[in-house]
Amino acid sequence: MRRVLLAIALLALAILPLVAGKFYVDLFAKIMIMAVFAMSLDLLVGVTGLVSLGHAAFFGLASYMVVLAAPDKYAAVSLWTSLPIAIAASALLAFVIGALALRTRGVYFIMVTLAFSQMVYFVFHDTKIAGGSDGAYIYVKPQANVGAWSPFDLGNGTHFYYAMLALLVLTFALLRLLLASRFGHALRGIRSNEQRMRALGFNTYAYKLAAFTVAGAIAGAAGYFAAVQFGVVNPEMASWHQSANVLLMVILGGVGNLLGAVVGAFALVLAQDFFSSLTKHWLLPMGAFVIIAVMLLPGGLIGAWQALRGGRSGHG
Amino acid sequence: MDLPIFLIQVLNSVQYGLLLFLVASGLTLIFGIMGVVNLAHGSFYMLGAYTAFTLSSLTGNLFTAIALGVVLAVAFGYVLEWVFFSFLYRRDHLQQVLLTYGLILVFEEIRSLTVGDDVHGVSVPASLSASLPLGSTMSYPIYNLFISVACLVVATLLFLLLRKTRLGMMIRAGASNREMVRSLGIDIDFLFRVVFALGVALAAFAGMIAAPASSVYPGMGNQVLIICFVVVVIGGIGSVTGALVAALLIGFIDTFGKVFLPDYSGILVYLLMAVILVWRPEGLFRENAV
């Protein structure tokens, strides 16, 4: 049943550009980027039990790397060099922030991750890096050329859409492999009982730091492509509203379940799109929606669906 | 640095630090006693500032506006705990974070619907609008001194309340061992409501009294909230003394940072937090083990 639904959803995403207009192709490409971002956070929140409220720092840093990796603003950078640079920068930042933040736990960890991401926000906001508080435009999209051959063009909406679909599937597969490995089982063990894992001889700090770094790197990939799609970077991409948004996606879909993060990203972006089309004051219904959704659906949409079907509860 | 300039920066540091303390003390008490992470705490500061703006233009007097505003804030906090926050105690931190984030969106949009999105100024009362001359060319506004003195009075009252009264004893007991207080037969629901109303009133008071010195603008609560988290992390969760020390420390670092390293002043506070985390991950003063 679940496999069938998954195949139908994937097929629907694959044929969407053939039937839908440019608006929806762009919207769904954006949603898939956010889904990758949300999956990376779910590795921390749902799998390892680390509630980070600063995940936008890695998303934001990588988006800035699109601008910073270019020698000048009218030169095209290669996707194949700038993407690894952006991911490596985010991973390094996540390693440093994680090394400090993981010295704390629980509510301290929430506050400390929030504070460090705010520090990254201020670095982009207060200094002259890439346009300061105004941000910077990306005049030329990164090129995917390999030698003289150009496999796809990131400036083309449909090409970009399929590239993001590939990124989504790739990230999902990668994280599934990771979770099935010894590493993934250790992370789940830390979530359910860290004391026991330590008693068993696991260096839990190192495991958590590795998870934090991997999550930062994947968030970086999402941030990179978000900057490419929007054609502009600004400090807001590293803001705490962005961190709260992605956390909302994770919990809205259902924690600890990679599919939940994807479902949450779709639900939240579509809800935002819907409310903002209704009224200028859309944050009021959005806030009410957030409160009601979290109050009524503690297991998220996936959990609610499983409860409806009378199945087992959705943590796994 | 000349002596007058140095003196002005010291006064600014103390003023900023004390304002932060008023907001952070409520945040740390609400977490220490109820175990709730309240992201909406910065909104109370914002709502206070907008209340001062609205009421002072209605009544024509800032002091009347503040007196009325404090009463409103206590009532608002009491009701808000009853209708919303009391449902959060059983939830985990992750859900508390998101529920109170949703509340921020609601508060900001209500503010936008009722007062609008413009930046406003609140005029300084005529009795305090003079400036104190410092040296031959510098001066310091009396109103800014008044903020520091008023905050100091409120902070002293708060410490007296916590250290010398029966209510304060219950609050301190609640912060160090919630379960024990409950099992001793103290009306914990009432205690929670009082502490929450107190926290809201402190944050709103800080917003009201700071309004004439800074402007009143959308999103002003979020900035304060995040710095207050840093205060709580440095001071130690649940510790009001820690919040005072950390708030003053941040006041000095931020103010002098703006003078010496203007490009990096926004970052210094967070670097301080990083250093403290390496040295003492649980904060300078930790009173309870939450």
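The expected span of a helix is taken here as 1.5 Å times one less than its number of residues, and helices (H or I, at least four residues) are DSSP runs numbered from the N terminus, as are strands (E, at least two). Select helix H11 of chain A, residues 258-278: at 1.5 Å a residue, its 21 residues should span 30 Å, and its end C-alpha atoms are 31 Å apart, which agrees.

Before going further, note that this is a predicted model, in which local features need pLDDT of at least 70 and side-chain atom pairs count only at pLDDT 80 or more, while totals for chains, interfaces and linings use all residues. Residues are numbered from 1 along each chain as its sequence is written, and chains are lettered from A and ligands numbered from 1 in the order in which they are written.

**Around H11 of chain A**

Stay on H11(A) and colour its buried residues, a residue being buried if 20 or more other C-beta atoms, placed from the backbone, lie within 10 Å of its own, exposed if 12 or fewer, and partly exposed in between. Those buried in H11(A) are A:Leu258, A:Leu259, A:Gly260, A:Ala261, A:Val262, A:Val263, A:Gly264, A:Ala265, A:Phe266, A:Leu268 and A:Val269. Now show what covers these buried residues, which includes helix H2 (22-48), helix H6 (157-180), helix H10 (240-253) and helix H13 (300-308) of chain A.

**Two helix pairs within chain A**

Keep H6(A) in view and add helix H9 of chain A, residues 204-230: the two pack at an angle of about 170°, with their axes 12 Å apart, where axes are lines fitted to C-alpha atoms, for helices over the stretch in contact, and angles run from 0 to 180 degrees between N-to-C directions. That makes H6(A) roughly antiparallel to H9(A), given that angles over 145 degrees count as roughly antiparallel, under 35 as roughly parallel, 65 to 115 as roughly perpendicular and the rest as oblique. The contact is made by A:Phe160, A:Met164, A:Leu167 and A:Thr171 of H6(A) and by A:Ile218, A:Ala221, A:Phe225 and A:Gln229 of H9(A), two residues being in contact if their C-beta atoms, placed from the backbone, lie within 7 Å. By class, these residues divide into six nonpolar, two polar and no charged; Ala, Val, Leu, Ile, Met, Phe, Trp, Tyr, Cys and Pro count as nonpolar, Asp, Glu, Lys and Arg as charged, and the others, Gly among them, as polar.

Next select helix H3 (residues 56-68) and helix H4 (residues 79-101) of chain A, whose axes come within 9 Å and cross at roughly 150°. The crossing of H3(A) and H4(A) is right-handed, the near helix being turned clockwise from the far one by less than a right angle, whereas an anticlockwise turn makes a crossing left-handed. Among the residues in this contact are A:Phe58 and A:Leu61 of H3(A) and A:Ile85 and A:Leu93 of H4(A), and the contact as a whole has 13 nonpolar, two polar and no charged residues.

From A:Ile85, draw a line to A:Arg3, which is 82 residues apart from A:Ile85 in sequence and 36 Å apart in space, C-alpha to C-alpha. A:Arg3 lies in helix H1 of chain A, residues 2-19, and is exposed, with 7 other C-beta atoms within 10 Å.

**Where the chains meet**

Now show both chains: the contact takes 32 residues from chain B and 37 residues from chain A. On the side of chain B that touches chain A, H4(B) gives the most, with 15 residues, and the residues of that side divide into 24 nonpolar, five polar and three charged.

Zoom in on helix H12 of chain A (residues 283-296) and helix H4 of chain B (residues 93-114), whose axes come within 8 Å and cross at roughly 160°. That makes H12(A) roughly antiparallel to H4(B), and H12(A) passes H4(B) in a left-handed crossing. The residues making the contact include A:Met286 and A:Val290 of H12(A) and B:Tyr101 and B:Leu105 of H4(B).

**Two stops inside chain B**

Go to B:Gly221, which is placed in helix H9 of chain B; with 28 C-beta neighbours inside 10 Å, B:Gly221 counts as buried. Not counting residues up to four places away in sequence, B:Gly221 touches B:Gly42, B:Ser43, B:Tyr45 and B:Met46.

Finish at B:Ala155, in helix H5 of chain B, residues 142-164, which counts as partly exposed with 19 C-beta neighbours inside 10 Å. B:Ala155 and B:Leu18 are 137 residues apart in sequence and 8.1 Å apart in space, C-alpha to C-alpha.
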